[in-house]
Amino acid sequence: MEVDKGKIKEPGLGRLLLGALALGSAILLGFVLGLRAGDRNRNEVPPVAGIAMPVPDTLALQDTVATAPEPEPAEPAPGFSKQEIALGLEYLASHNRWNREEMEKIAVLAGLWDAVNTYAVDEIRRYNETLVSTSLTAIVDGLERTPKHGFYTSKGDSNITLSTYIKHLR
């Protein structure tokens, strides 16, 4: 059977543009859905083999840090009274922005800002042994997973925003 080329119509420009628009829309929709599926702020993962497993929301850590009561150590650390430790814990729990000058005025926190700024995980761990702080635990855990070097803040900056710092450790 022969096909007469004169009877087959080529698609018009309008049909080509409509097809390109549909293809572009499908790609854009796929991209948006992919972003949504990979959103790290979600609290759940799609079920795997029928089992739904919750994923901890690490971005909610800043809320946890700001509102969770800090556990008190059973015995005060050598050289610090319970009141000094309580003052240090209160500062860490109630401030999302840690200021170097403010922290240096609190005896139990003196030097901690510099340790956090230089990613000195062993020093931060020693402070956490004294203070038992969820903020410091999150920082130590983050630095153990992804070690960092250098300085966090730029020269002359005396503030560290805790929630941003913890995100930086990922």
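## Salt bridge within helix 6

Aspartate 122 and arginine 125 sit 3 residues apart in helix 6 (residues 121–131), a spacing of about one turn of the helix. The model is a predicted one. In it, these two residues form a salt bridge whose closest N and O atoms are 2.7 Å apart.

Both partners are partly exposed. Aspartate 122 has a relative accessible area of 45%, and arginine 125 has one of 28%.

## Link from helix 6 to helix 7

Arginine 125 also meets the side chain of glutamate 144 in a salt bridge, with an N to O distance of 2.4 Å. This pair connects distant parts of the chain: arginine 125 belongs to helix 6 and glutamate 144 to helix 7 (residues 134–145), with their positions 19 residues apart in the numbering. Glutamate 144 is partly exposed, at 44% relative accessibility.

Through shared partners, the salt bridges join Asp122, Arg125 and Glu144 into one network.

## Link from helix 4 to helix 5

The salt bridges in the model number 3. Outside the pairs described above, arginine 100 and aspartate 114 meet through their side chains in a salt bridge, at 2.8 Å from N to O. Here too the pair links distant parts of the chain, as arginine 100 is in helix 4 (residues 100–104) and aspartate 114 is in helix 5 (residues 112–117), 14 residues apart.

The relative accessible area of arginine 100 is 29%, so this residue counts as partly exposed. Aspartate 114 is likewise partly exposed, with a relative accessibility of 28%.

## Stacked tyrosine pair

A search of the whole structure gives 2 aromatic pairs. Tyrosine 119 and tyrosine 165 make up a stacked pair, with ring centres 5.9 Å apart and 20° between the planes. Tyrosine 119 is in the loop between helix 5 and helix 6, whereas tyrosine 165 is in helix 8 (residues 162–168); the pair therefore ties together parts that are 46 residues apart in sequence.

Both rings belong to buried residues. The relative accessible area is 8% for tyrosine 119 and 0% for tyrosine 165. Each value falls under the 20% cut-off, which is why both residues count as buried.

## Edge-to-face tyrosine pair

Tyrosine 165 has a further aromatic partner in tyrosine 152: this pair is edge-to-face, at 4.8 Å centre to centre with 75° between the planes. Tyrosine 152 lies in the loop between helix 7 and strand 2 (159–161), and tyrosine 165 lies in helix 8, so the contact ties together parts of the chain that are 13 residues apart in sequence.

Tyrosine 152 is partly exposed, with a relative accessible area of 23%, while tyrosine 165 is buried at 0%. Taken together, Tyr119, Tyr152 and Tyr165 form one aromatic cluster.

Definitions and conventions
Residues numbered from 1 in each chain as written. Predicted model: local features only at pLDDT ≥ 70, side-chain atom pairs only at ≥ 80, totals over all residues. Heavy atoms only, no water. Salt bridge = Lys/Arg side-chain N within 4 Å of Asp/Glu carboxyl O. Helix = DSSP H or I, 4+ residues; strand = E, 2+ residues; numbered from the N terminus. Buried < 20%, exposed > 50% of the residue type's maximum accessible area, 1.4 Å probe, protein only. Phe/Tyr/Trp six-rings, centres within 6.5 Å; stacked < 30°, edge-to-face > 60°.
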